[in-house]
Amino acid sequence: MYCDSMVALPRLLFGLLLFRGLRIYAVPLAPVNSEHLSGIGRFWHVSDLHLDPTYHVTADPTKVCSSSKGFPASNPGIFGDFMCDSPYQTILSAFQHMKTVTPQPEFMIWTGDSPPHVPIGELSTDLVIQVMRNMTQTIRQHFPDMPVYPALGNHDYWPQDQLPTSTNEIYQSAAKLWALWLKPEALETLREGGFYSQLVQPKLRLVSLNTVLYYSPNKVTVNMSDPAGQFQWLRDTLETSAQSMEKVIVIAHVPVGYLPYARNTTAIREVYNERLVKIFRDYSDIISGHYYGHTHRDSIMILKDVLGKPVTSMFVSPAVTPIKSVTQQYSNNPAFRMYHFDTQDYRMLDIWQYYLNLTEANQEKRADWQLEYVMTEAFGLEDIQPCSLFKLAQSFEMEQSKAFQKYFQHYMVSYDDHVVCDEACKLTQVCSLLSLDSVSYTKCIEVP
Ligand SMILES: *[C@@H]1O[C@H](CO)[C@@H](O)[C@H](O)[C@H]1NC(C)=O
Ligand SMILES: *[C@@H]1O[C@H](CO)[C@@H](O)[C@H](O)[C@H]1NC(C)=O
Ligand SMILES: *[C@@H]1O[C@H](CO)[C@@H](O)[C@H](O)[C@H]1NC(C)=O
Ligand SMILES: *[C@@H]1O[C@H](CO)[C@@H](O)[C@H](O)[C@H]1NC(C)=O
Ligand SMILES: [Zn+2]
Ligand SMILES: [Zn+2]
């Protein structure tokens, strides 16, 4: 209803001027599905590398990796196992493959979680810093000239999840490691609270949030109204951007909104979720997209304003690590992705999702990274803007929706096409796509 008129109009006209503040944009009217003449910008997104330095193939399946926590590996090979975090070999193969893709993106976002999932006693502050340094150097070695914008994950701390609200050894180490990519003023807030913003292109600002401050298991921030002053800082930063006519991309590790696999559960505490959603709504006209990690699965969300109009697209990137816990029914193949955007107005155009078929890679003893899908082609979309994704999510609601079945295969990074998402599973998925605040989520989930 909100979307149809908006897409129909530009196609009828030959040239359309949009007035925004004092600036006038001429909108080039390229034929549908053709590449935009204005130029395509690109950036990489990698997330949840989770290096397990103990990974090695050996006769005793319980000894393959610390990250299986004593459970037997399922089918270990040189590129990993679905019960384990990433062998270094797999991470290397990912960056090696990224290097061969042309044309190369202008920058990379990296949404956190470098250390392995192991018991607290097997890590320490020093070990966490060592792994973060190793991953930083590995990325730098492969992409010496590419700016990289990281966000801290809940595993990028010791003990895990307990990221503090003021400066500490790990924020300081991160600032040292990432000084090659970030400007002094970004490093200053990174050292203090684990977040920062930086102008990445002439009118494009990146905001890297420390959403682990809001993460439910973080005991340090219980009852705090504004941990590390990040809410105030975020509002101030977005306000300044709006006044400077900038567009903003928001990156963070733990996503806002509801989890796609657990009914009525937000990843961050509910009270923080409501506040964050409100800020994102207030500034939706300057935010061109949100990019998260943490769930290890491939999903989208569409932020709607209070009237129900889709206003911002949000993307959760699947992980490089293939790990699943022993109780989980399925996992994800190792993955990374590239986004396309319009260089004139920073509209989001497409996702190119790459993956490694882990089973095959182990069989062939060769890491043959492939394109898994191109978002617009897979679903017949014009772009990945809020209205396009909103219509897609609505189409999922139909019974036996083929589009949803495809989306769910992508959700697991083509792990196993025998795994099905039943009605209850699908309702949880679809409501998490479309409803980010508790009022709209409750309404969504209660409709039979
Ligand atoms: C990173 O760790 C791996 C596995 O432990 C090791 O082989 C590699 O040499 C390290 N690389 C760097 C740059 O520290
Ligand atoms: C948080 O607030 C609740 C309710 O006021 C209180 O019972 C609880 O002890 C507080 N927790 C902490 C860690 O301060
Ligand atoms: C969802 O969770 C909230 C808070 O945890 C609770 O108040 C509410 O009743 C739950 N709603 C449903 C539909 O289960
Ligand atoms: C991955 O490889 C295995 C083994 O060759 C194969 O059975 C499976 O179909 C492949 N998966 C995909 C999505 O291609
Ligand atoms: Zn993770
Ligand atoms: Zn995480």
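**Reading the predicted model: values and definitions**

Colleague: Why does Asn264 count as partly exposed in this predicted model?

Modeller: Asn264 has 14 C-beta neighbours inside 10 Å. A residue is buried at 20 or more such neighbours and exposed at 12 or fewer, with partly exposed in between. The value of 14 falls between these limits, so Asn264 counts as partly exposed.

Colleague: Where does Asn264 lie, and what is notable about its phi?

Modeller: Asn264 is placed in the loop between β8 (247-251) and α7 (270-282). Its phi is near 55°, which is positive although the residue is not glycine.

Colleague: Which loop holds Tyr346, and what makes this residue buried?

Modeller: Tyr346 belongs to the loop between β12 (335-342) and β13 (348-355). Within 10 Å of its C-beta atom there are 20 others. The limit for a buried residue is 20 or more, so Tyr346 meets it. Tyr346 also has a positive phi, near 60°, in a residue other than glycine.

Colleague: How do you know that the residues annotated as "binding site" cluster in space?

Modeller: The UniProt annotation, from an unreviewed entry, covers Asp48, His50, Asp113 and His296. These residues are spread over 249 residues of sequence, yet the largest C-alpha distance among them is 10.6 Å.

Colleague: Why is His50 called buried, and what does it touch?

Modeller: His50 has 26 C-beta neighbours inside 10 Å. Set against the limit of 20 or more, this value makes His50 buried. His50 lies in the loop between β3 (40-46) and α2 (88-100). Its contacts, leaving out residues up to four places away in sequence, include Asp85, Asp113, His117, His155 and Thr321.

Colleague: What makes Asp113 a buried residue, and where is it found?

Modeller: Asp113 has 30 C-beta neighbours inside 10 Å; the limit is 20 or more, and therefore Asp113 counts as buried. Its place is the loop between β4 (107-110) and α3 (125-142). Among the residues touched by Asp113, not counting those up to four places away in sequence, are Asp48, His50, His155, His253 and His294.

Colleague: Which residues does UniProt list for "domain: Calcineurin-like phosphoesterase", and what is their helix and strand content?

Modeller: The unreviewed entry lists residues 42-297. Over this stretch the chain is 30% helix and 13% strand, and the C-alpha atoms at its ends are 22 Å apart.

Colleague: Why are β6 and β10 placed at the edges of their sheet?

Modeller: The sheet is open and has six strands in the order β6-β7-β8-β9-β11-β10, with mixed pairing. β6 (196-201) and β10 (299-304) each have a single partner strand, so one side of each is left without a neighbour in the sheet. From one strand to the next, the twist averages 25°.

Colleague: How do you know that β6 and β7 are paired?

Modeller: Two strands pair if at least two bridges are found between them. Five bridges join β6 to β7 (residues 204-208), and the two strands run antiparallel. One of the bridge partnerships is that of Gln198 with Leu206 in β7. The hairpin that joins these two strands does so through two residues.

Colleague: What makes Ile302, in strand β10, a buried residue?

Modeller: Ile302 has 24 C-beta neighbours inside 10 Å; with the limit at 20 or more, it is therefore buried. Leaving out residues up to four places away in sequence, its contacts include Pro310, Pro386, Leu389, Phe390 and Leu433. Ile302 and Cys3 are 299 residues apart in sequence, and their C-alpha atoms are 13 Å apart in space.

Colleague: What makes β5 and β14 edge strands?

Modeller: They belong to an open sheet of six strands, ordered β5-β4-β3-β12-β13-β14, with mixed pairing. β5 (148-150) and β14 (370-374) each pair on one side only. Within this sheet, β3 and β4 run parallel and are joined by four bridges; His45 has Ile109 of β4 as its bridge partner.

Colleague: Which peptide bonds are cis, one ending at Pro103 and one at Pro159?

Modeller: The bond from Thr102 to Pro103 is cis, with omega near -10°, and Pro103 sits in the loop between α2 and β4. The bond from Trp158 to Pro159 is cis, with omega near -5°; Pro159 is in the loop between β5 and α4.

Methods
Residues numbered from 1 in each chain as written. Chains lettered and ligands numbered in written order. Predicted model: local features only at pLDDT ≥ 70, side-chain atom pairs only at ≥ 80, totals over all residues. UniProt positions renumbered as here; feature names shortened; annotations may be inferred. Contact = placed C-beta atoms within 7 Å. Axes fitted to C-alpha atoms, helices over the stretch in contact; angles between N-to-C directions.
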